[in-house]
Amino acid sequence: MEKLQVLCDNRLKKAPLEYITGEGDESRDVKSIRLSQTIFIPESQTEIKVVAIDTNLVACELTRHNAQKLGIDPTKLAVLHATLQDDGVIEVQQNLPGDDESTIDFESEQFDFIVSNPPCTPYSQLADWRKENKNIRDAGEDGLRVVRAILLNASTHLKVHGVLLLEIFAAQTKLVESIIEENYASQFKLNHVYVDLKSDKEILEIINRPE
């Protein structure tokens, strides 16, 4: 009874229900989140919306399928069959059922995070790949053709203090660092390199620092 009285007193003081129960409100779509008075109550409209793009239609379909299996709210995820051009422009080829690319203006949209594991194998090393796979994985002579396009796109569409995560081969890290220094020194900073101990790849954390 004493605990109930405390809860009632707090509610009478107009304390948010989430702080009283320590859990999110189901109507806010954050029921499973644990809360305390030391943090803000998350609102569904402030949650991150993920935009996933891939030039491979099968990859897009699998992304949508796996999202459904995981119970991800479809309104929080847009899956687009699209291609990143060498000039940094994203060209949407088609959107999957349930997605509406008209709500995503790639000319003006800015993002808090951009995450990519682009093809980065030099074309000369793709001799054993089937022709259709070689075309999808074509990353140019040094393997960084797509990385250059991503950096160009991010220079416009990554928010200030935003983060770009790139997975590339460890042997390419120094070259990417040089590309940043030569072309984006006043904008991007290679903040951290995460080493994948199970492969020969690394993840670069690049931040868009304020001018």
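Me: Two strands pair if DSSP finds at least two bridges between them. In this predicted model, which residue in S7 is the bridge partner of Leu 190?

Reply: Strand S7 covers residues 201-208, and S6 pairs with S7 in the antiparallel sense over seven bridges. Strands of a sheet pair through backbone hydrogen bonds, either parallel or antiparallel. For Leu 190, the bridge partner in S7 is Ile 206.

Me: How many helices and strands are there in the protein?

Reply: Read along the sequence, the pattern is α-α-β-α-β-β-β-α-α-β-α-β-β. Each α stands for a helix and each β for a strand. The count is six helices and seven strands.

Me: In what order do the four strands of the open sheet lie?

Reply: The edge strands are S4 (111-116) and S6 (188-195), each of which pairs on one side only. Strands S4 and S5 run parallel and are joined by five bridges, whereas S5 and S7 pair in the antiparallel sense over seven bridges. The pairing in this open sheet is therefore mixed, and the order is S4-S5-S7-S6.

Me: By how many degrees are neighbouring strands of this sheet turned against each other on average?

Reply: The sheet in question is the open one made of four strands. With direction ignored, the average turn between its neighbouring strands is 15 degrees.

Me: Which residue in S5 is the bridge partner of Ile 114?

Reply: Ile 114 lies within S4, whose residues are 111-116. S4 is joined to S5 by five bridges. Elsewhere in the sheet, Leu 165 stands opposite Glu 205 in S7. For Ile 114, the partner in S5 is Leu 164.

Me: At about what angle does helix H5 run to S5?

Reply: Helix H5 (residues 145-157) lies across S4, S5 (158-169), S6 and S7. Helix H6 (residues 173-183) also packs on the sheet, touching S5, S6 and S7, and its direction makes about 15 degrees with that of S7. For H5 against S5, the angle is about 170 degrees.

Me: How far apart are the end C-alpha atoms of helix H3?

Reply: H3 (residues 57-69) has 13 residues, and at 1.5 Å a residue it should span 18 Å. The computed distance agrees with that expected span. The end C-alpha atoms are apart by 19 Å.

Me: Why do the buried residues of H3 line one face of the helix, and within what arc do they fall?

Reply: The buried residues of H3 are Cys 60, Arg 64 and Ala 67. What covers these residues includes strands S1 (50-54) and S2 (77-84). Seen down the axis of H3, the buried residues point within a limited arc, so they line one face. That arc is 65 degrees.

Me: Which residue caps the N-terminal end of H3?

Reply: H3 is followed by Gly 71, whose phi is positive, near 75 degrees. At the N-terminal end, a side-chain oxygen of the capping residue lies 2.9 Å from the backbone nitrogen of Val 58. The cap is Asn 56.

Me: Is Gln 187 buried or exposed?

Reply: Gln 187 is found in the loop between H6 and S6. Not counting residues up to four places away in sequence, Gln 187 touches Ala 154, Ser 155, Ile 207, Asn 208 and Arg 209. Its relative accessibility is 19%, and buried means under 20%. Gln 187 therefore counts as buried.

Me: What percentage of the 211 residues count as buried?

Reply: The cut-off for a buried residue is under 20% relative accessible area. Across the protein, the buried percentage is 30%.

How values were computed: Residues numbered from 1 in each chain as written. Predicted model: local features only at pLDDT ≥ 70, side-chain atom pairs only at ≥ 80, totals over all residues. Heavy atoms only, no water. Helix = DSSP H or I, 4+ residues; strand = E, 2+ residues; numbered from the N terminus. Axes fitted to C-alpha atoms, helices over the stretch in contact; angles between N-to-C directions. Contact = heavy atoms within 4.5 Å. Expected span 1.5 Å × (residues − 1). Buried < 20%, exposed > 50% of the residue type's maximum accessible area, 1.4 Å probe, protein only. Arc of directions from axis to C-beta. Polar contact = N/O pair within 3.5 Å; in protein donor to acceptor, adjacent residues only side chain to side chain.
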